Amino acid sequence: MKQTFEIAPWHVTTTKWSPEDKRIQESITSLANENLGMRGFFEEGYSGDTLEGVYLGGVWFPDKTRVGWWKNGYPQYFGKMINAVNFMKVIIKVNGEQLDLAKQTPADFKLDLDMKQGIFTRSFTVEIGGAKLGFSFERFVSVTQKELVGQRIKINNLGNSEAKIEISSMIDADVYNEDANYDEQFWNILDKKADGDHAELVSMTKKNDFGTPRFTVGMKSTTKTDLSHKEDRVNEKSVENIFEGTIAAGQEAEFEKRTIVATSRDFESESAITNYLDELSSALDSESFDDLLAPHIKEWARRWEKSDVEIDGDEGAQQGIRFNLFQLFSTYYGQDYRLNISPKGFTGEKYGGATYWDTEAYCIPVYLGVANPEVARNLLMYRYKQLDGAFINAQRQGLDGALFPMVTFNGIECHNEWEITFEEIHRNGDIAYAIYLYTNYTGDRSYVLHEGAEVLTEISRFWADRVHYSQAKNKYMLHAVTGPDEYDNNVNNDWYTNLLCRWTLQYTLDILDQVDPEVAEKLNVTEDEKRKWKGIVDNMYLPYDPEKKIFPENDGFMDKDLTPVSEIPSDQLPLNQHWSWDKILRSPYVKQGDVIQGLWDFIDDFSKEEKKRNFDFYEQFTVHESSLSASVYSIIAADVGYEDKAVELYERSARLDLDNYNNDTADGLHITSMTGSWLDIVQGFAGMRVRNGELHYAPFLPKKWNSYKFRQNFRDRILEVKVDKNGTDIKLISGDPITIDLAGKKLELK
């Protein structure tokens, strides 16, 4: 755990120049708008340790799967989001010396991420080229004009003599991915030009052997400055406009760069892309930097008005929840149904920028509460539109139905670890559960009775073929699986996976009784299929320990050396950075909620005593080395009355990246797990449930807090819930009157 930024309600700020923490700082100050984004790297260049990452939504490359021993059914490629052409680049020279804070030591250093307005600024003073200058850098990624990124640089001469300045505004295609094989580069340049205050570069991803689409990307930068144009350069892999001037003592120079980025995801041809670049650049040319910024700030205000969580009495908790919501909304806000939510969003290259099961399990529950229902519906449609790929994934395993991928860009599995690709099949159940969750929360049955019914049917066909019947136990089982706890893989009868299998089959049978005749005809589920599914539901094996009265995570879990985490020396944590994989697999230590995940999904289906016994048992073995873990445990802790433990786990979830809990923030932020802090407050502390279409709350106030308040969207209404030392107050902000349940009492809101 390491805190590198100051605590403030709306800002993430540091005044400490610490090169050893630079990658952490870059991750935390990332900006995005769903369409594109970048880490908070220094656009002027930095010759020390840095990751200059710029990423584009939906733009990826299929990298060949490389394994020592090829297994039948292996995905042919491992998809990854590639580092885009660097349009942010600005080279600054002062009296002939290049600005590079790896070589000059700054004073008065400050980084600031303004979460309320979506702006990242840097400032410092530095002695360079015999001059003393103050620099300020400002950038935003527009959430109202998805192709637009704005940069503004101000240079103050703080010395006693004039300083000669040269600034090169560049678009640079000489970029690499850190995870690329053999120092590969992925961009072929199609066209490039520079003329006065404009520079343009069009590139295409290189050819691949798998028939996946290549992407064409056009970038056009426009420069506005009080410096004079010096020259233009068109280099082998870059273009640049160069400006120069002299800043007198006590005077200031300003340099603005705005860039438009358009891709073949939105345009059919290179000419269409370049025409759009010209049109949009021209349309924005008369607008000042502040003019471009104004609608961006207004949109962030609208988002916060709908979703802000206010905490009085704990600024660390307040900063944490806002930081998480800010980064989550930056990554995805439902504006493009073709996109999804990568575990690290636009903040790093780990996980390849692809879609995981995190979306359905953790993100959809939050978007249902903080955004319009269309956002969650788009995420469900994303899976429906990739159903053909899920058929292929199942066929490659010789199975019926659909197996949705663990990792994907296009519906085809593109992950290359056996235990994940082939065995972590609970993701099928997580997708089915998300359909139920959306339907139960919104009351909208149009998806589940049409597209959703098809998804459920094909998932159920997969489950029915994947199970096997044990004559010895007279039960159906699932062998050779991996549950959410990836520290125990290739197991038999993972409790969570078996539970989802059984539940999905029953839910699908229920839905099939409600679909229209034409839908039923299309699905063509036979009576024999239904009987088989019902037989599996009635006879599915779920591990149970009658002595401890708990649900064993899997068949072999209780045979392990059940030594609690508390007995592991602290210098051996986190385990994944100190132990061999073999040692981890033989241990009882739980990476993330597995049984606890199931208790959360079906929280009303288990008694308080059942939840308490299982929480007590598994909490002692859980290391929370998955970013997804703490929030689920927090909700169950709150549900069973462990308020202090719930708050402790909330703090870990809320400040996971800000305080670098898992010592991996440098790799990028944990975007999908940022949902956990909202879930902990709303489902955990406030006890929000939806039962038979009615909202229920059973709030408690953390001891350290004076109050907390949040807004929640529910069935065309916005409610405001405030919990303080005097009790709970719930208001209807907009929408029709509604009756809710507050701690067992009916409350009518008008």
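**A buried aspartate, and what lies around it**

Hi everyone, let's begin with one residue: aspartate 308 is buried, because its relative accessible area is 13%, and the cut-off for buried is under 20%. Keep in mind throughout that this is a predicted model.

Which residue does aspartate 308 meet in a salt bridge? The partner is arginine 322, with N and O 2.9 Å apart. The two residues are 14 positions apart, and the pair links distant parts of the chain. Aspartate 308 sits in the loop between helix 3 (289-307) and strand 21 (309-312), while arginine 322 belongs to helix 4, residues 315-331. Is arginine 322 buried or exposed? Arginine 322 counts as buried, since its relative accessibility is 6%. As a general point, side chains of opposite charge can pair when their charged atoms come close.

Now let's step back to the whole protein. There are 19 helices and 30 strands. How does the radius of gyration compare with the globule rule for 750 residues? The radius is 27 Å, close to the 27 Å that the rule gives, so the protein is as compact as a globular protein of that length. If you turn the model around, the C-alpha trace spans about 85 × 60 × 55 Å along its principal axes.

Of the 750 residues, 63% count as buried. Contacts tell us about the fold too: among those with a separation of 6 or more, 68% are between residues 24 or more positions apart. The accessible surface comes to about 27,900 Å², and carbon and sulfur atoms own 44% of that area.

On to charges. The protein carries 85 positive and 123 negative side chains, and the centres of those two sets lie 2 Å apart. How many salt bridges does the structure hold? The count is 50, and I would like to show you a couple beyond our opening pair.

One joins glutamate 256 and arginine 258, with an N to O distance of 2.5 Å. Both glutamate 256 and arginine 258 are buried. Another joins arginine 383 to glutamate 360, where the closest N and O atoms are 2.8 Å apart. This pair also links distant parts of the chain, with arginine 383 in helix 6 (residues 373-384) and glutamate 360 in helix 5 (residues 358-370), 23 residues apart. Arginine 383 and glutamate 360 are both buried. Elsewhere, Lys146, Arg265, Asp266, Asp336 and Arg338 are joined into one network by salt bridges that share partners.

Next, please find valine 143, in the loop between strand 12 (131-141) and strand 13 (148-157). Valine 143 counts as buried, because its relative accessibility is 7%. What does valine 143 touch, apart from neighbours within four places in sequence? The list is Ala32, Asn33, His296, Glu299, Trp300, Arg303 and Gln335. For a sense of distance, the C-alpha atoms of valine 143 and asparagine 372 are separated by 17 Å, with their positions 229 residues apart along the chain.

Let's look at the backbone. Most residues other than glycine have a negative phi, and most peptide bonds are trans. Against that background, here are three places to visit. Leucine 573 and proline 574 are joined by a cis peptide bond, with omega about -5°, and proline 574 lies in the loop between helix 13 (527-538) and helix 14 (581-586). Aspartate 108, in strand 10 (residues 107-114), has a positive phi near 50°. Aspartate 108 is exposed, as its relative accessible area is 61%. Tyrosine 351, in the loop between helix 4 and helix 5, has a positive phi of about 70°. Tyrosine 351 is partly exposed, with a relative accessible area of 33%.

Last stop: helix 17, residues 629-639. How many of the 11 residues of helix 17 are buried? The answer is 10, so the helix is mostly covered. Among the buried ones are Val632, Tyr633, Ile635 and Ile636. And what covers them? The cover includes helix 5, helix 15 (595-601), helix 16 (608-619), helix 18 (643-654) and helix 19 (675-685). After helix 17 comes glycine 641, with a positive phi near 95°.

That brings us to the end of the tour; thank you for listening!

Definitions and conventions. Residues numbered from 1 in each chain as written. Predicted model: local features only at pLDDT ≥ 70, side-chain atom pairs only at ≥ 80, totals over all residues. Heavy atoms only, no water. Helix = DSSP H or I, 4+ residues; strand = E, 2+ residues; numbered from the N terminus. Rg over C-alpha atoms; globule rule 2.2 N^0.38 Å. Buried < 20%, exposed > 50% of the residue type's maximum accessible area, 1.4 Å probe, protein only. Contact = heavy atoms within 4.5 Å. Areas by Shrake-Rupley, 256 points an atom, 1.4 Å probe, with all protein chains shown as cover. Lys, Arg positive; Asp, Glu negative; His and termini not counted. Charge placed at Lys NZ, Arg CZ, Asp CG, Glu CD. Salt bridge = Lys/Arg side-chain N within 4 Å of Asp/Glu carboxyl O.
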